[in-house]
Amino acid sequence: MKPIIAANWKMHKTAAETTEFCRAIRKEESAFSGVETLVCPPFTALAAASAALKSSHIKLGAQNMDYESRGARTGEIAAFMLLEFGVEYVIIGHSERRHQMGEDDDLVRRKIETALGAGLKPILCVGETEAEREQGSTEQVIKKQLSGALEGTEAQHISSLVVAYEPVWAIGTGKAASPEDAENAAALIRGYLQDRFGSVSAAGTRIQYGGSVKAENIGSFVSLPPVQGALVGGASLEADSFSALLKAAGEAVAN
Ligand code: PEP
């Protein structure tokens, strides 16, 4: 199973900038063929990314979606609209949405259910805040987020799921978690999935680390046995820094 590295561009890039980025990164893609790569542009740039990545191995993800399949939901985007552009993955429950837009575990659960039902692969984000870490409740927080998000999910769907461990204090701060912290959290997530869905089904789920990942530190995360990839914000915004990161990840997993 290849590690999966996802670029989360958040609220950055126009359609024209997206085209430019995708063209640049495509030129390098043979150098990171050992890594499954995807870009998650804003909704308004999905069409541009889809066109620029046609017949490339680089895949497309979305940063969010609605839990309803269609209907009177002004401003929302449904799964079928993402599928139209060849979107394969969708980030669900990112901490910015949980903390800034008030998304709770139940909303995250509904989105996961809808995404899986539509054939999209969710990247479920979990992780503790700095205060929760200081209180020693990291494990409890992660387990609660997992059980809330995956209530009702059937084992047959679990290999389509990616779980991103993203400690909130590490996102966009330049202060990445230590490999030991990432390893412990990923092992906890793996253990939870095995207990809940059985080891055979859970073996197909990849667990990413996210939080201030860059070319210089990606190797220390993807070489940890329980970690199979990364969710990358800041270092994915420039084609040069993202392709350097992908090459470093490819080299680390090949060794
Ligand atoms: C993220 O947005 O999920 C993220 C991990 O951001 P950054 O890499 O900038 O910390």
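Start with the largest pocket of this predicted model, and select Lys10, Met11, Gln63, Arg97 and Met101, which lie nearest its centre among the 15 residues that line it. The space you are looking into amounts to about 440 Å³. If you colour the lining of this pocket by residue class, six nonpolar, six polar and three charged residues should appear. Select next the helix α4, residues 95-100, since this element is worth keeping on screen: with three residues, α4 provides the largest share of the lining of the largest pocket.

Now turn to the ligand and display the 14 residues around it, of which Lys10, Glu166, Gly172, Ser212 and Gly233 come nearest. Coloured by class, this shell divides into four nonpolar, eight polar and two charged residues. Three side chains can then be picked out one after another. Select Asn8, where a polar side-chain atom lies 3.4 Å from an oxygen atom of the ligand. Move on to His94, whose side chain has an N or O atom 2.8 Å from an oxygen atom of the ligand. Finish with Glu166, where the distance from a polar side-chain atom to an oxygen atom of the ligand is 2.7 Å. With these contacts in view, switch on a surface for the protein, which covers 95% of the 290 Å² of accessible area that the ligand has on its own.

Keep Glu166 selected, for this residue also belongs to the lining of the largest cavity, together with Gly93, Ser95, Arg98, His99, Cys125, Val126, Gly127, Gln145 and Val168. The structure holds one cavity of 30 Å³ or more, and the volume of the largest cavity is about 50 Å³. Which element gives the most to the lining of this largest cavity? Helix α4 does, with three residues, while α4 and the strand β5 (121-126) each supply at least two. By class, the lining of the largest cavity is made up of three nonpolar, five polar and two charged residues.

For the last stop, go to the loop that runs between β8 (229-232) and α11 (239-254), and select Ser236 within it. Is Ser236 buried or exposed? Its relative accessibility is 0%, and therefore Ser236 counts as buried, the cut-off for that class being under 20%. Show the backbone of Val232 as well, and you can follow the side chain of Ser236 to the backbone oxygen of Val232, which it reaches at 3.2 Å.

Methods
Residues are numbered from 1 along each chain as its sequence is written. This is a predicted model: local features need pLDDT of at least 70, side-chain atom pairs count only at pLDDT 80 or more; totals for chains, interfaces and linings use all residues. Side-chain values use heavy atoms; hydrogens and water are left out. A residue is near a molecule or strand if one of its heavy atoms lies within 4 Å of it. A polar contact is a pair of N or O atoms within 3.5 Å; within protein, one must be able to donate a hydrogen and the other to accept it, and residues adjacent in sequence count only if both atoms are side-chain atoms. Accessible areas come from the Shrake-Rupley method with a 1.4 Å probe; for residues, only the protein chains shown count as cover. Ala, Val, Leu, Ile, Met, Phe, Trp, Tyr, Cys and Pro count as nonpolar, Asp, Glu, Lys and Arg as charged, and the others, Gly among them, as polar. On a 1 Å grid over the protein atoms alone, a cavity is a set of points where a 1.4 Å probe fits but cannot get out, and a pocket is an open set with protein on both sides within 12 Å along at least five of seven lines; lining residues have an atom within 4 Å of a point. Grid points are joined across faces, edges and corners, and a volume is the space filled by probe spheres set on the points. Helices (H or I, at least four residues) and strands (E, at least two) are DSSP runs, numbered from the N terminus. Buried means under 20% relative accessible area, exposed over 50%, partly exposed in between (1.4 Å probe, protein chains only).
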